[in-house]
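Okay, thanks for squeezing me in. Let me put the structure up, and then I'll walk you through the parts I found worth a look.

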Amino acid sequence: MKRRTIQAVIALLIPASTLLAQDSFYSKWESSVNSIQSRQPAVPVPVVSPDAGLVQLFRTDVVRQILPGAHPQWIYGNSKGADLIPWKNTEIDVNVPPYLQHHSPVTQDGFGDFSLLYKYRLLSGDVEHGDFVVSAALAATIPTGSYKNGNAKVTLTPTVYVAKGWKKLYFQSNLGGLLPTENGQNIGRNVIWNSVVQDHEKKIFWPELEVNSTYFHGGPNDGKSQVFITPGLMVSKFRLQPNRQNRLAILFGGGFQIAASQYHAYNHATVLTTRIVF
């Protein structure tokens with residue numbers, strides 16, 4: 001009886017035509033995303049490195065870094081948010097500012113910068129048509145950070161991605177440059193290079209090994225380089241609806257970053273990630 005009453009109230013408040021229109025919109029969007037993603041390899045986004053393909057999901061990460069001096073720093077959110085595929089060959093990411101907890105008497109906790117990303121898939125093929133992706137993206141950060149927890153200037157990061165599958169293995173690499181839009185003496189112009197190999201085992205397990213590198217030009221770390229080796233594991237994916245045409249699913253994973261260069265902003269870090277596909 002209660003359920004029928006609730007349904008009657010909803011019917012009075014929201015016209016049936018509106019509900020049907022909304023259902024039709026989401027169904028068409030879901031079908032479009034499935035079609036777009038069917039033209040690229042079906043692999044989960046790596047733990048740390050960005051993915052070469054187009055994805056649509058909500059994502060949040062938690063990172064625990066151990067800084068020089070052995071005190072921890074926590075990053076909640078880690079500049080992740082909503083990744084959307086609004087139309088053909090295009091992805092738009094809207095990333096919420098991370099919250100940084102320093103556990104240090106000389107550094108104040110606070111939120112970092114807001115960021116956006118536009119990615120365009122240039123070339124791709126599914127497992128029967130080459131199993132590869134080539135994409136390009138442009139990311140931007142806006143200096144919304146509090147208490148110096150972000151950059152002082154707007155930055156742009158153009159990036160090129162390539163990826164190739166071979167049997168159970170999947171290789172991808174991306175190369176980008178962080179460029180301040182104004183005088184960048186306090187930031188520098190950094191080259192960012194990530195490479196990763198993923199393996200597929202037992203249907204849902206994706207062990208991986210990443211190399212995450214940053215090369216600093218200008219700014220306080222001019223001439224230095226920073227390299228992390230990151231073994232990780234993604235578990236993907238658990239569908240939340242029995243209908244396989246429904247995209248709703250959850251996946252999660254984690255990794256451990258190990259400093260492999262003489263200079264490093266932190267000694268090592270634990271990364272935990274959760275994604276909801278929709």
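So, who gives the most to the lining of the second largest pocket? That's β13, with three residues. Keep in mind that this is a predicted model. The elements that put two or more residues into that lining are β13, residues 225–239, and α2, residues 16–37. In total there are 32 lining residues, and the ones nearest the centre are Q37, A42, V43, K237 and R239. For the volume people, the second largest pocket holds about 850 Å³ of space. And how does its lining divide by residue type? You get 14 nonpolar residues, ten polar and eight charged.

Let me stay with K237 for a second. K237 sits in strand β13, and the peptide bond leading into it from S236 is cis, with omega near -10°. So that's a cis bond right before K237, one of the residues nearest the centre of the pocket.

While we're on backbone geometry, there are a couple of phi angles to flag. A70 isn't a glycine, yet its phi is positive, about 70°. You'll find A70 in the loop between β1, residues 57–66, and β2, residues 72–77. Is A70 buried or exposed? It counts as exposed, because its relative accessibility is 60%. Then there's S79, again not a glycine, with a positive phi of about 60°. S79 is in the loop between β2 and β3, where β3 covers 81–84. At 30% relative accessibility, S79 counts as partly exposed.

Okay, salt bridges. How many does a search of the whole structure find? Four. As a reminder, side chains of opposite charge can pair when their charged atoms come close. I'll go through some of them.

One is R59 with D61, at 2.9 Å from N to O. Both of those residues are buried.

Another is K168 with E201, where the closest N and O atoms are 2.9 Å apart. K168 is in the loop between β9 and β10, and E201 is in the loop between β11 and β12, residues 205–217, so this pair ties together parts that are 33 residues apart in sequence. On the accessibility side, K168 comes out at 45%, which means partly exposed. E201 is at 27%, so E201 is partly exposed as well.

Then we have E182 with K153, whose closest N and O atoms are 3.6 Å apart. This pair also links distant parts of the chain, 29 residues apart: E182 is in the loop between β10, 169–180, and β11, 189–199, while K153 is in the loop between β8, 132–142, and β9, 155–166. Why is E182 called partly exposed? Because its relative accessibility is 45%. K153 gets the label partly exposed too, with a relative accessible area of 27%.

Now over to the surface. Which residues form a nonpolar patch there? W87, Y118, Y120, L122 and L123, and together they have about 520 Å² of accessible area. Y118 lies in strand β7, which runs over residues 114–125. Y118 has a relative accessibility of 38%, so Y118 counts as partly exposed.

Last topic: sequence separation against distance in space. Take H129, in the loop between β7 and β8. H129 and R39 are 90 residues apart along the chain, and their C-alpha atoms are separated by 8.6 Å. H129 counts as exposed, because its relative accessibility is 54%.

Now take K167, in the loop between β9 and β10. K167 and Q65 are 102 residues apart in sequence, and C-alpha to C-alpha they are 35 Å apart in space. K167 has 74% relative accessibility, so K167 counts as exposed.

If you'd like something to click on during questions, I'd go back to the pocket: pull up K237 and R239 near its centre, and then look at the cis bond between S236 and K237. Okay, that's me done, over to you.

Methods
Residues numbered from 1 in each chain as written. Predicted model: local features only at pLDDT ≥ 70, side-chain atom pairs only at ≥ 80, totals over all residues. Heavy atoms only, no water. 1 Å grid on protein atoms, 1.4 Å probe; cavity = no way out; pocket = protein on both sides within 12 Å on 5 of 7 lines; lining within 4 Å. Points joined across faces, edges and corners; volume = space filled by probe spheres on them. Helix = DSSP H or I, 4+ residues; strand = E, 2+ residues; numbered from the N terminus. Nonpolar A, V, L, I, M, F, W, Y, C, P; charged D, E, K, R; others polar. Patch = residues over 30% accessible without salt bridge, like charges linked within 9 Å, V, L, I, M, F, W, Y side chains within 5 Å. Areas by Shrake-Rupley, 256 points an atom, 1.4 Å probe, with all protein chains shown as cover. Salt bridge = Lys/Arg side-chain N within 4 Å of Asp/Glu carboxyl O. Buried < 20%, exposed > 50% of the residue type's maximum accessible area, 1.4 Å probe, protein only.
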